[in-house]
Structure formats: structure tokens, C-alpha cells
Amino acid sequence: MTTEAATRRMPGAPCWVSLLAHSLSATQEFYGALFGWEFRPGPQHFGPYARAFLHGREVAGLGELAPDRHLPVAWTTYLASDDADATAEQIRSCGGTVGVGPLDADDDAGRMAIASDPQGAIFGIWQGRSVAGTSITGELGTPAWNELVTRDTSSVLTFYEHVFGYEAEPVISANFDYLTLHLKEHPVAGIHGVGNALPHDRGSHWMTHFAVSDTDAAARRVTELGGQVLQPAQDCAHGRLATVCDSEGAVFTIVQRN
């Protein structure tokens, strides 16, 4: 196992991303055209579900919401756990909420839960068995980074430190509230405090960044496919970024990787 793959398996490290949409077929078309993903059927215990692959390696999951479930369409970041039940108890004891599970996924793939932190940001827990999580990250068309977007980093840092054992390293800047979260000295995720710029209709949320070869070109492609550009491409410390949403409104970030 490579160092990068081993890092993704550390308890607390983002290890999987999944999206529930209203139309699975339309969502597959969008991401297939944008990132070159191909799809295979996945576990169907919550309804129609597909696993996304790139060059034969699993990168993400897409599911379809039941018609009577009026939930926001959003990407969910899953954090690795060696014991989903123990992690769920720790989440509750530290002021978070467990909304779904823990429960077993099909075919002994793993055990999962859906939770939220004290500020309401939703995330998943994944205890991998036969499926450890995303097989490839950081390459074009795959998840490159995950970060919590919240009002200020100090409000939730203690929760994530206690539940997942993160060590936080602040970005030293007078006007940039950002913490990089480390596990065993490896950077695995971030917390971005955006103050009053936090969207009122979303609140605190985890954001998935996907790698692209050209952020500006990918942003144009998003609009061609029926999505929108919410924050135009700009250069920052992590590279050239743009915040976009797909044809059903699921928000994500694209980041340029050479």
C-alpha cells in the first residue's frame, strides 16, 4: 500500500465521497461528461446507487433519492473509522448528532453512519471491510481535498480534535481563517472559517474538491452541462479554484492539478 493510500485509511481521514440526487441517470451523465467517470451498480439497500470509476479504479458513489424525500442534493464526505459504532458514540458525547446508522452496507462492504457536528455540518463515517473507500485521489477527475466550511474555525475545532484525533496547523494570515488538519503529520483535510460569507441556505458544510487540468475550461464545461459557476476561478494557496454546482445544485470545488 502506498503512503497516500495508507493515509486515506487512517481513522479520521476522508476516505470516500457520495452524492444523493433526484435523477441518477442525469447525474451520471453530468459527471461522466465532466470527469470521464464510468459507472457500475452499487448497493441498492437505500435505492438506486452507482459506483463511479476512472480508469478502472473506484472514485465516488452516486445514489438516487426516493421521490418523497426532499433532502438537499449535496456531496457527503466520509471519514474513515476502525469502529463506526465507537465513533458514533464519541460524536454524540462531543455534542454532535448521528442521524443514520451505524449500519452495515451490502455484501460486507463496510459499516457506515451519517452524522453532523455541533454546527450542523453533515459528514459520513465509513468502516471499510471489503471496500476500503476511494481507490484513487489527487489525480485528474478524482477527489483532491476535503474541507469543512464554517463560520470560524475555533467553533468546531475541539469537536474534531476529540472525535478524530486531528492535530491542527493554522495558516498564518491576518485575513484568512484556515486550519490544516493532520493525522500522524500527514495533512488530510482543512477547516475554512469564512465568517459572514457562510451561505445562509447551507450553513456549515463539508466541501469536496475535485482535480481538473484547467479550472477555467472545467468551469465552462460545467455550465455547458447545465450546472452553474458560483465563485469564478481564482488563484489561491491550494491552486486555481472555482466553486460550482451540478445540474441539480450539488456544490463542489474544482482545483487545477498539473
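Start by selecting Leu79 and Ile125 in this predicted model: Ile125, in strand 8, is the bridge partner of Leu79. Now widen the selection to the two strands around this pair. Strand 5 covers residues 75-80 and strand 8 covers residues 122-128. They run in the parallel sense and pair over three bridges.

**The whole sheet**

Next, colour the sheet that these strands belong to. It is an open sheet of eight strands, and the order to follow across it is 2-3-4-1-5-8-7-6, with mixed pairing. Which strands stand at the edges? Select residues 38-41 for strand 2 and 97-104 for strand 6: these are the edge strands. Each has a single partner strand, so one side of each is left without a neighbour in the sheet. Turn the view to look across the strands, and you can follow a twist that averages 30° from one strand to the next.

**A helix across the strands**

Keep the sheet in view and add residues 24-35, which form helix 2. This helix lies across strand 1 (14-21), strand 2, strand 3 (49-54), strand 4 (57-64) and strand 5. For the direction of helix 2, compare it with strand 4: the two run at about 150° to each other.

**Salt bridges**

Time to show some side chains. The model has eight salt bridges, and a good one to begin with is Asp85 with Arg111, where N and O are 2.7 Å apart. Asp85 sits in helix 3 (residues 84-93) and Arg111 in strand 7 (residues 110-116), so this pair ties together parts that are 26 residues apart in sequence. Is each partner buried or exposed? Asp85 has 33% relative accessibility and counts as partly exposed. Arg111 is buried, because its relative accessible area of 17% falls under the 20% cut-off.

Stay on Arg111 and add Asp104. These two also form a salt bridge, with their closest N and O atoms 3.1 Å apart. Asp104 is partly exposed, at 41% relative accessibility. Add Arg129 to the selection as well: salt bridges that share partners join Asp85, Asp104, Arg111 and Arg129 into one network.

Now go back to helix 3 and pick Glu89 and Arg92. Their salt bridge brings the closest N and O atoms to 2.7 Å. The two residues are three apart in helix 3, so about one helical turn separates them. Both can be described as partly exposed: Arg92 has a relative accessibility of 38%, and Glu89 has a relative accessible area of 48%.

**Last stop: His182**

Finally, select residues 177-183, which make up strand 11, and centre on His182 within it. His182 is buried, with a relative accessible area of 13%. What does this residue touch, beyond its neighbours within four places in sequence? Show Gly165, Tyr166, Glu167, Glu169 and Pro187, which are its contacts. Of these, look at Glu169 in particular: its side chain makes a polar contact with the side chain of His182, at 3.0 Å. To end the tour, draw a distance from the C-alpha of His182 to the C-alpha of Thr153. They are 15 Å apart in space and 29 residues apart in sequence.

Notes:
Residues numbered from 1 in each chain as written. Predicted model: local features only at pLDDT ≥ 70, side-chain atom pairs only at ≥ 80, totals over all residues. Heavy atoms only, no water. Helix = DSSP H or I, 4+ residues; strand = E, 2+ residues; numbered from the N terminus. Buried < 20%, exposed > 50% of the residue type's maximum accessible area, 1.4 Å probe, protein only. Contact = heavy atoms within 4.5 Å. Polar contact = N/O pair within 3.5 Å; in protein donor to acceptor, adjacent residues only side chain to side chain. Pairing = 2+ DSSP bridges. Axes fitted to C-alpha atoms, helices over the stretch in contact; angles between N-to-C directions. Salt bridge = Lys/Arg side-chain N within 4 Å of Asp/Glu carboxyl O.
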